[in-house]
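Good morning, colleagues. Please keep the sequence and the model in view while I go through a few selected regions.

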Amino acid sequence: MNSQRYDRHIILKEFGAEAQQRLSDASVLVVGAGGLGIPVLTYLNAMGVGTLGMVDNDQVSLSNLHRQVLYNEDDVGRKKVTAAVRKLTAQNRETNLRAHDTFLTRDNALDIIAEYDVVVDASDNFPTRYLVNDSCVILKKPFVYGALHGFEGQVSVFNYKNGPTYRCLFPDMPGADEVPNCNEHGVLGIVPGIVGNLQALETVKVLTGVGQPLSGKLLLFNGLANSFQKIKFSVNPQNTKIKGLRANYDFSCDLAVQSISAPDFEELLKKESLQIIDVRTAIEYKESHINGVRHLPLSELESGRVEFDVKGKAYVLCQSGVRSQKAIVLLQKFFPTTTFFNVAGGMNQLHSYAAKY
């Protein structure tokens with residue numbers, strides 16, 4: 001540890017050399033290298049956390065740049081973890097940076113999380129949050145939570161010293177039709193920076209024992225009013241006794257939604273011509289799409305604007321596999337005899353071959 005580099009920490013009376021050493025000895029996993037993950041990674045790296053891991057399988061896109069400020073225009077099209085490691089290394093060469101070029105899944109979550117002291121959930125979807133929670137409960141790891149919507153954000157610390165878990169606050173995953181999506185509703189660029197920095201602060205408190213982490217408290221931030229509110233919640237002992245991961249962490253829908261994995265979808269694309277409906281926004285579609293798809297933004301579908309017929313079998317695609325599930329629920333009402341398949345993971349897992357077809 002370079003004491004000169006962290007001199008302003010060391011001379012801080014309430015922090016000091018002992019807390020700095022704890023940061024140096026610690027390992028943190030950040031799930032998601034996007035709007036929330038970037039400020040978390042940047043500050044923890046600068047502050048001297050010894051080992052920083054990041055989990056992400058996405059690529060940098062132009063629409064990321066207004067809020068994911070570690071990246072620049074030259075990074076568009078590159079893997080986020082590759083670009084992030086390069087920038088973070090230039091910031092602090094002492095940090096052990098570990099890139100997990102994958103999405104967190106039921107199959108890899110326990111193995112990856114087991115290697116770290118604290119997990120920071122910087123994801124943007126409910127399935128990942130519940131997967132992180134359950135994995136951390138099983139492995140007895142604390143995790144720092146952050147979430148965004150428009151001008152607002154939330155921060156809390158779960159599974160810390162026998163405190164409440166994420167399921168103590170949100171027991172069950174919402175249905176796919178209940179979830180807002182920043183790709184459609186937007187997010188003001190500065191808000192992820194504010195919330196991500198608060199997550200970084202909570203991580204430092206958990207690692208060093210300095211201050212009072214937000215365990216049992218949900219911090220609500222309103223950017224338009226620049227106001228903060230805290231909500232207290234208590235532990236439900238049943239939620240601390242999870243012994244194994246669930247069979248799946250997909251959204252539940254009112255109607256049965258059949259899914260196909262990205263690899264299986266790729267194999268089908270190679271073998272035959274498919275009916276594909278892309279329900280992303282016009283901006284997302286313009287950035288990247290599979291040739292020959294029918295573009296029907298979810299907003300148009302929700303307003304009842306469907307100007308083509310769909311018969312037989314069709315595959316529905318969005319960015320992450322969430323809006324496509326909502327779309328299938330609606331499409332099945334318009335075309336009750338058609339069989340729809342949700343492309344799990346969406347374009348996030350199809351970047352490698354989206355340009356081929």
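**Salt bridges, sheets and surface**

I begin with helix α10: Glu 267 forms a salt bridge with Lys 270, and their closest N and O atoms are 3.5 Å apart. Before going further, I should state that this is a predicted model. Glu 267 and Lys 270 are three residues apart in helix α10, residues 262-271, and therefore about one helical turn separates them. How accessible are the two partners? Glu 267 is partly exposed, with a relative accessible area of 35%. Lys 270 is likewise partly exposed, with a value of 48%.

How many salt bridges does a search of the whole structure find? The search finds 16. Another of them links Lys 311 and Asp 309, with the closest N and O atoms 3.8 Å apart. Lys 311 counts as exposed, because its relative accessibility is 61% and the threshold is over 50%. Asp 309, at 39%, counts as partly exposed. Salt bridges with shared partners also join Asp 75, Arg 78, Arg 86 and Lys 87 into one network.

Let me turn to a further pair. The side chains of Asp 58 and Lys 80 meet in a salt bridge, at 3.7 Å from N to O. Asp 58 lies in the loop between β2 and α4, whereas Lys 80 belongs to helix α4, so this pair ties together parts that are 22 residues apart in sequence. Are these two residues buried or exposed? Both Asp 58 and Lys 80 are buried.

The loop that holds Asp 58 deserves another moment. Val 60 is also found between β2, residues 51-55, and α4, residues 80-91. Val 60 has a relative accessible area of 3% and is therefore buried, the limit being under 20%. Which residues is Val 60 in contact with, once its neighbours within four places in sequence are left aside? They are Leu 65, Tyr 71, Asp 75, Val 76, Gly 77, Arg 78 and Lys 80. Lys 80 is thus a contact of Val 60 and the salt-bridge partner of Asp 58. Asp 75 and Arg 78, in turn, appear both among the contacts of Val 60 and in the salt-bridge network. As for Glu 266, 206 residues separate it from Val 60 in sequence, and the C-alpha atoms of the two are 21 Å apart in space.

I now move to the sheets. One open sheet has eight strands with mixed pairing, in the order β3-β2-β1-β4-β5-β6-β7-β8. Its edge strands are β3, residues 96-100, and β8, each of which pairs on one side only. On average, neighbouring strands of this sheet are turned by 15° against each other, direction ignored.

Within that order, β5 (residues 143-149) and β6 (residues 152-158) run antiparallel and are joined by seven bridges. Tyr 145 has Ser 156, in β6, as its bridge partner. Helix α6, residues 126-139, lies across β1, β4 and β5, and runs at about 170° to β5.

Further along the chain there is a set of parallel pairings. Strand β13, residues 339-343, runs parallel to β9, residues 258-260, and three bridges join them. Here the bridge partner of Ser 259 is Asn 342 in β13. Strand β12, residues 313-317, is also parallel to β13, with four bridges between them. In this pairing Ala 314 stands opposite Phe 340. Strand β10, residues 276-278, pairs with β12 in the parallel sense over three bridges, and Ile 276 stands opposite Tyr 315 there.

Why is β13 largely enclosed by the rest of the structure? Four of its five residues are buried, and that is the reason for the description. Strand β12 is mostly covered as well, with four of its five residues buried.

I close at the surface. Phe 151, Leu 188, Ile 190 and Leu 224 make a nonpolar surface patch of about 410 Å². Leu 224 sits in the loop between β7, residues 217-222, and β8, residues 227-232. With a relative accessibility of 64%, Leu 224 counts as exposed. The neighbouring element β8 is the strand already named as an edge of the open sheet.

Definitions and conventions
Residues numbered from 1 in each chain as written. Predicted model: local features only at pLDDT ≥ 70, side-chain atom pairs only at ≥ 80, totals over all residues. Heavy atoms only, no water. Patch = residues over 30% accessible without salt bridge, like charges linked within 9 Å, V, L, I, M, F, W, Y side chains within 5 Å. Areas by Shrake-Rupley, 256 points an atom, 1.4 Å probe, with all protein chains shown as cover. Salt bridge = Lys/Arg side-chain N within 4 Å of Asp/Glu carboxyl O. Helix = DSSP H or I, 4+ residues; strand = E, 2+ residues; numbered from the N terminus. Buried < 20%, exposed > 50% of the residue type's maximum accessible area, 1.4 Å probe, protein only. Pairing = 2+ DSSP bridges. Axes fitted to C-alpha atoms, helices over the stretch in contact; angles between N-to-C directions. Contact = heavy atoms within 4.5 Å.
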